[in-house]
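User: I want to go through this structure with the reasoning spelled out. Take each label and set it against its cut-off.

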Amino acid sequence: MEFIDVSAKTIEDAIAKGVAQLAEDGQELVETKVLEQPSNGFLGIGRKPAVVRLFFTSVAKTATQEEVAHVEEQSVAVASKPVATSETEVQDTAVETSEGDVVEKPSKKELSKEEQQEIAEKGKQFLDDMFTQMGLTVVIEKMMTKDKITFQVHGEDLGILIGKHGQTLDAIQYLTNLVAHKDVSGHCHIVVDVENYRSRREETLVNLAKRLASKVKRNRQKVSLEPMNAFERKIIHTALQGDKNVVTNSEGDEPFRHVVITYKK
């Protein structure tokens, strides 16, 4: 797999710089690896930048929303070569146990409006700077609740920001959370979305789960889905929790962890 090595003052800056470079070249990010952690040295002597390696694949063209939706509908089996992604940014108010159960996480200390606004402003500024560097003309819509900040990105030909099953989008969201929460007390989860991709992806996964559950009940044989991040696996588990004829479990280690739907006798 092809890759580029990028260096910058911080890891998040290096990844952002690399993502922008890949986008300009029409490439699609598939995996990120940290090669060197940044170091301040002593009194400025021996200072070292962060170095990251970005693995990518070439894309012939930017996917349209219709093409992205079509690809999502086709993914039913375990992928032959899964892609590793970080899951730090996809945790929400619930977590998945090793058996596939979904349980609520304990709530964190509530932020003040001023603290949340500071996080939102830093996050939006980071996105504005990144998209400007990428040469994209976008409109960023900001929505805030007491425990979540959502940035909805609107524009034309933004498929390059989504990537395979949203992996590029997840990387952007991860970076936005890192930058926005730097030197800020408290935490407020940031969601970055592009033209409502995440809600469309969730609808696709729910429909996929129900369709495969019907297949399992008909054939009495278990079905393995492709590797997914924790948030997407949670969608599958939740969608089938009420079905008394099937049971879902997560199997494998990251980045190959996937959901298995089994007939319940």
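Analyst: What follows is a set of short questions and answers on helices, loops and single residues in this predicted model.

User: Start with the whole chain. How many helices and strands does the secondary structure come to?

Analyst: It comes to six helices and 11 strands. The chain has 265 residues, and 43% of them count as buried. Among contacts between residues at least 6 apart in sequence, 67% join residues at least 24 apart.

User: Why are H5 and H6 called oblique to each other?

Analyst: Their axes cross at roughly 50°. Angles under 35 degrees count as roughly parallel, and 65 to 115 as roughly perpendicular. The H5 and H6 angle falls in neither range, so the pair is oblique. The axes come within 9 Å. The crossing is right-handed.

User: Which residues make the contact of H5 with H6?

Analyst: From H5 (residues 197-219), Arg201, Glu202, Leu205, Val206, Ala209, Lys210 and Ala213 take part. From H6 (residues 230-240), the partners are Glu232, Ile235, Ile236, Ala239 and Leu240. By class, that contact has eight nonpolar, no polar and four charged residues.

User: How do you know that the length of H5 agrees with its residue count?

Analyst: H5 has 23 residues. At 1.5 Å a residue, they should span 33 Å. The end C-alpha atoms are 32 Å apart, which agrees.

User: Which residues of H5 are buried?

Analyst: The cut-off is under 20% relative accessible area. In H5, Tyr197, Arg198, Arg201, Thr204, Leu205, Leu208, Ala209, Leu212, Ala213 and Val216 are buried. As background, an α-helix has 3.6 residues a turn, so residues three or four places apart point the same way.

User: What makes Ala239 partly exposed?

Analyst: Ala239 has a relative accessible area of 25%. Buried means under 20%, and exposed means over 50%. The value for Ala239 lies in between, so the residue is partly exposed. Ala239 lies in helix H6. Leaving out residues up to four places away in sequence, Ala239 touches Val206 and Ala209. The C-alpha atoms of Ala239 and Leu208 are separated by 9.7 Å, with these positions 31 residues apart along the chain.

User: And Ser250: buried or exposed?

Analyst: Buried. The relative accessible area of Ser250 is 6%, and the cut-off is under 20%. Ser250 lies in strand E10 (residues 246-251). The C-alpha atoms of Ser250 and Ala230 are separated by 9.5 Å, and the two are 20 residues apart along the chain.

User: What makes Asp183 exposed?

Analyst: Asp183 has a relative accessible area of 76%. Exposed means over 50%, so Asp183 qualifies. Asp183 sits in the loop between helix H4 (167-180) and strand E8 (189-194). Its phi is positive, about 60°, although Asp183 is not a glycine.

User: Where does Glu195 lie, and what is its phi?

Analyst: Glu195 is in the loop between E8 and H5. Its phi is near 50°, a positive value in a residue other than glycine. At the other end, H5 is followed by Arg220, with a positive phi near 60°.

User: Turn to H1. What makes it mostly covered?

Analyst: Of its 14 residues, 10 are buried. Among them are Ile11, Ala14, Ile15, Val19 and Leu22. Glu12 and Gly18 are also on the buried list.

User: How do you know that the span of H1 agrees with expectation?

Analyst: At 1.5 Å a residue, the 14 residues of H1 should span 20 Å. The end C-alpha atoms are 20 Å apart, which agrees. H1 is followed by Gly26, whose phi is positive, near 70°.

User: How does H1 (residues 11-24) cross H3 (residues 113-133)?

Analyst: The axes come within 9 Å and cross at roughly 35°. The crossing is right-handed. Ala16, Lys17, Ala20 and Glu24 of H1 meet Phe126, Met130 and Gln133 of H3. These residues divide into four nonpolar, one polar and two charged.

User: Which residues join H1 to H4?

Analyst: Glu12, Ile15 and Ala16 in H1 meet Leu175, Leu178 and Val179 in H4. By class, five are nonpolar, none polar and one charged. The axes of H1 and H4 come within 10 Å and cross at roughly 145°. H1 passes H4 in a left-handed crossing.

Note on methods
Residues numbered from 1 in each chain as written. Predicted model: local features only at pLDDT ≥ 70, side-chain atom pairs only at ≥ 80, totals over all residues. Heavy atoms only, no water. Axes fitted to C-alpha atoms, helices over the stretch in contact; angles between N-to-C directions. Helix = DSSP H or I, 4+ residues; strand = E, 2+ residues; numbered from the N terminus. Parallel < 35°, antiparallel > 145°, perpendicular 65-115°, else oblique. Left-handed = near helix turned anticlockwise from the far one by under 90°. Contact = heavy atoms within 4.5 Å. Nonpolar A, V, L, I, M, F, W, Y, C, P; charged D, E, K, R; others polar. Expected span 1.5 Å × (residues − 1). Buried < 20%, exposed > 50% of the residue type's maximum accessible area, 1.4 Å probe, protein only.
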